[in-house]
Amino acid sequence: MLTRNCLSLLLWVLFDGGLLTPLQPQPQQTLATEPRENVIHLPGQRSHFQRVKRGWVWNQFFVLEEYMGSEPQYVGKLHSDLDKGEGTVKYTLSGDGAGTVFTIDETTGDIHAIRSLDREEKPFYTLRAQAVDIETRKPLEPESEFIIKVQDINDNEPKFLDGPYVATVPEMSPVGAYVLQVKATDADDPTYGNSARVVYSILQGQPYFSIDPKTGVIRTALPNMDREVKEQYQVLIQAKDMGGQLGGLAGTTIVNITLTDVNDNPPRFPKSIFHLKVPESSPIGSAIGRIRAVDPDFGQNAEIEYNIVPGDGGNLFDIVTDEDTQEGVIKLKKPLDFETKKAYTFKVEASNLHLDHRFHSAGPFKDTATVKISVLDVDEPPVFGKPLYTMEVYEDTPVGTIIGAVTAQDLDVGSSAVRYFIDWKSDGDSYFTIDGNEGTIATNELLDRESTAQYNFSIIASKVSNPLLTSKVNILINVLDVNEFPPEISVPYETAVCENAKPGQIIQIVSAADRDLSPAGQQFSFRLSPEAAIKPNFTVRDFRNNTAGIETRRNGYSRRQQELYFLPVVIEDSSYPVQSSTNTMTIRVCRCDSDGTILSCNVEAIFLPVGLSTGALIAILLCIVILLAIVVLYVALRRQKKKDTLMTSKEDIRDNVIHYDDEGGGEEDTQAFDIGALRNPKVIEENKIRRDIKPDSLCLPRQRPPMEDNTDIRDFIHQRLQENDVDPTAPPYDSLATYAYEGSGSVAESLSSIDSLTTEADQDYDYLTDWGPRFKVLADMFGEEESYNPDKVT
């Protein structure tokens, strides 16, 4: 306050005391040195012959801020060159603060400030001045502008606009580590004096931190500041203006500094040995104890990893870290047995997960402790010798047969007796029984593998001393098969063969099925039944892999001669006792194309044309009707002719002679035998009726001649032949005597089929190939089909 008053007095002396006197006015020039008084000269009006001259001694005024005097503060004076001091000139003032802040004496031009001013509120005022003639009210000269500046005094202390401050710095930082920069603001004029020149200092917080007096940067001042010793610091910072000199104004702020953690401390066990007690009945995976190492660091720097050092008992236990408490949780890996081992000792190592390499020189960041575990004895249930018992028994085994036994023991000290019984919840309690003392299992009912092949139930063992302590084991009983069912052929039972099949062709692959449980390596054998093995049309080829093939034995088959064949196949298994069965397969003859694709298997299709239209079929039927009419007419005429002939032959009463009234012609007699059958093979397929002999019945099956000659018939025929040879009454003309016996004089025997009971299907024409080239055509025609056999169906 004293300084402010002194400054005000000095300015008053300078301006009001006349120490500053004006010089000669210069255009647009401000005289800053030795002015006589604070006066602004306004140029007056001159005649138009005189050069207008205008000059300013001051183009601005200064006023002291925060003026506390009793009288208005004098600012300055306005003066016009046209003012001669006669009172004819009036001065006016306008602009910022005119009339409210600043006033002017209209006669003298003196300007005063009528109130206290604050530079921080408004640093300057722009005003306009004018000289006016009092009488005419006209301006004597143009309006002039000038500025009144508020002169600054040190009335504002420095302020920390962003305070209080919060900062962090890592612990163990070196001296001079950057912490924070603070900044104070002074509202005083920085261009005038030292009012706004601020200097920083620490009032509280030494000797840990320092601050740069000009920039306000805070740095560490001590080395090895340990967070574990002290974590929070409160520093008081001062900012002082006037360059820190005496009398300057000051402001303060607080800076809260926290030391952040670094991993500078290893984990340490509070004791070297940990004792734990564990019951032997503890389940695998259960937590049996906790140990803890202490790390004074914080956050991830305090995370600890525990490991069991390999050694005695370490393979029975495991240790993991509890992430919440950073404790080492010891867990059981294998079951404990008090009777086997009562104590275990091993070492546990604790180490940090996140290491700081700056502190490795201080030593290893880990610690080791010893863990001793004592196993407590627990009364345990009996223990079975096996986790699962598997037994086998043959089906139909007599009731009461022992098939196996189970064993359980009490391993506790002072072992107790054990009792056995079947778990009533299982399904096997009615089929089997168990001896409660010995543990032997026997059958209680007859077993049938085809009904149930496997039994699965449980047996419970309990201690006599403590029946509540029980253990259970599963029993698996497999019922073995007894070979009681023969194998059977698998479907299909019916197959087909093409008419154009060749010998040795496989027409069907068959396999076998057995209702018995076939053991591994079971083999089925296939063969043809003995009664069908004599000259078979088909045979069975065993492939030795539980399958067989139906094989043809002929060169072609005819549906017209025989549509179905029945093939008996014998199948045997390899179990004991051996079982076999005869299965009959039905083979149907079908018409196929050249690729073997079946086209038709119906007998009616033989006589139906393929690919004919309805009109063609009607035409064919009409032709057949006409031909039948002609045949009927022809037969009627022949019967009429034969009737006349028979009437003539009635006069001859000889026995066993039939009179035809014609010559026997042998091969030349075409009426006695149709030689066209040998020249045209199609005659066989058309099945034409012989012209010379009428068959008794077309529907009767033809019989196979006996395999061996009948001696009685042969002797009878020879006797009749001799009687006719020596009979003098024998007629001189040829006659035919039928003896129902073919001659045996020719190597080829007779080719005649008159009244022969042997059919074409029964004849074997393979010998024609041995007669030479002349019979090659016959061999080719009759060697394609085999004889018809109505009795032997194969």
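These legends accompany a set of close-up views of a predicted model.

**View 1. The whole protein, before we zoom in.** This predicted model has 794 residues, and 34% of them are buried. Its secondary structure consists of six helices and 40 strands. Among contacts with a separation of 6 or more, 66% link residues that are 24 or more positions apart. The accessible surface adds up to about 48,400 Å², and carbon and sulfur atoms contribute 53% of that area.

**View 2. A nonpolar patch on the surface.** Five residues make up this patch: Leu617, Ile620, Leu621, Ile624 and Leu628. Together they offer about 440 Å² of accessible area. If you would like one residue to start from, try Leu628, which sits in helix H2, spanning residues 614-649. Leu628 counts as exposed because its relative accessibility is 53%, and the cut-off for exposed is over 50%.

**View 3. An open sheet of four strands.** Follow the sheet across and you will meet its strands in the order E9-E15-E14-E11, with mixed pairing. Strand E9 (165-170) and strand E11 (199-204) are at the edges; each has a single partner strand, so one side of each lacks a neighbour in the sheet. On average, neighbouring strands here are turned by 35° against each other, direction ignored.

**View 4. The pairing of E14 with E15.** Here we look at one pair of strands from the sheet in View 3. Strand E14 covers residues 232-240 and strand E15 covers residues 250-260. The two run antiparallel and are joined by nine bridges. For a handy landmark, look for Leu236, whose bridge partner in E15 is Ile254.

**View 5. Thr586 and its surroundings.** Thr586 belongs to strand E39, which runs through residues 580-592. Is this threonine buried or exposed? Thr586 counts as buried because its relative accessibility is 17%, and buried means under 20%. Setting aside neighbours within four places in sequence, Thr586 is in contact with Tyr493, Glu494 and Thr495, as well as with Leu564, Tyr565 and Phe566.

**View 6. Two cis peptide bonds that lead into prolines.** Most peptide bonds are trans, so a cis bond deserves a second look. One cis bond runs from Gly163 to Pro164, with omega near -5°. Pro164 lies in the loop between strand E8 (144-151) and E9. Another cis bond runs from Gln206 to Pro207, with omega near 5°. Pro207 lies in the loop between E11 and strand E12 (209-211). You may recognise E9 and E11 from View 3, where they are the edge strands of the sheet.

**View 7. Arg137, with a positive phi.** Most residues other than glycine have a negative phi. Arg137 is not a glycine, yet its phi is positive, at about 65°. Look for this arginine in the loop between strand E7 (124-133) and E8. Arg137 is exposed because its relative accessible area is 55%.

**View 8. Asp396, with a positive phi.** Asp396 is not a glycine either, and its phi is positive at about 65°. Where does this aspartate lie? Asp396 is in the loop between strand E24 (388-394) and strand E25 (402-405). With a relative accessibility of 44%, Asp396 counts as partly exposed.

Technical notes. Residues are numbered from 1 along each chain as its sequence is written. This is a predicted model: local features need pLDDT of at least 70, side-chain atom pairs count only at pLDDT 80 or more; totals for chains, interfaces and linings use all residues. Side-chain values use heavy atoms; hydrogens and water are left out. Buried means under 20% relative accessible area, exposed over 50%, partly exposed in between (1.4 Å probe, protein chains only). Contact means heavy atoms within 4.5 Å. Accessible areas come from the Shrake-Rupley method with a 1.4 Å probe; for residues, only the protein chains shown count as cover. Patches are made of residues with over 30% relative accessible area and no salt bridge: like charges are joined within 9 Å, nonpolar side chains (Val, Leu, Ile, Met, Phe, Trp, Tyr) within 5 Å. A salt bridge is a side-chain nitrogen of Lys or Arg within 4 Å of a carboxyl oxygen of Asp or Glu. Two strands pair if DSSP finds at least two bridges between them. Axes are lines fitted to C-alpha atoms, for helices over the stretch in contact, and angles run from 0 to 180 degrees between N-to-C directions.
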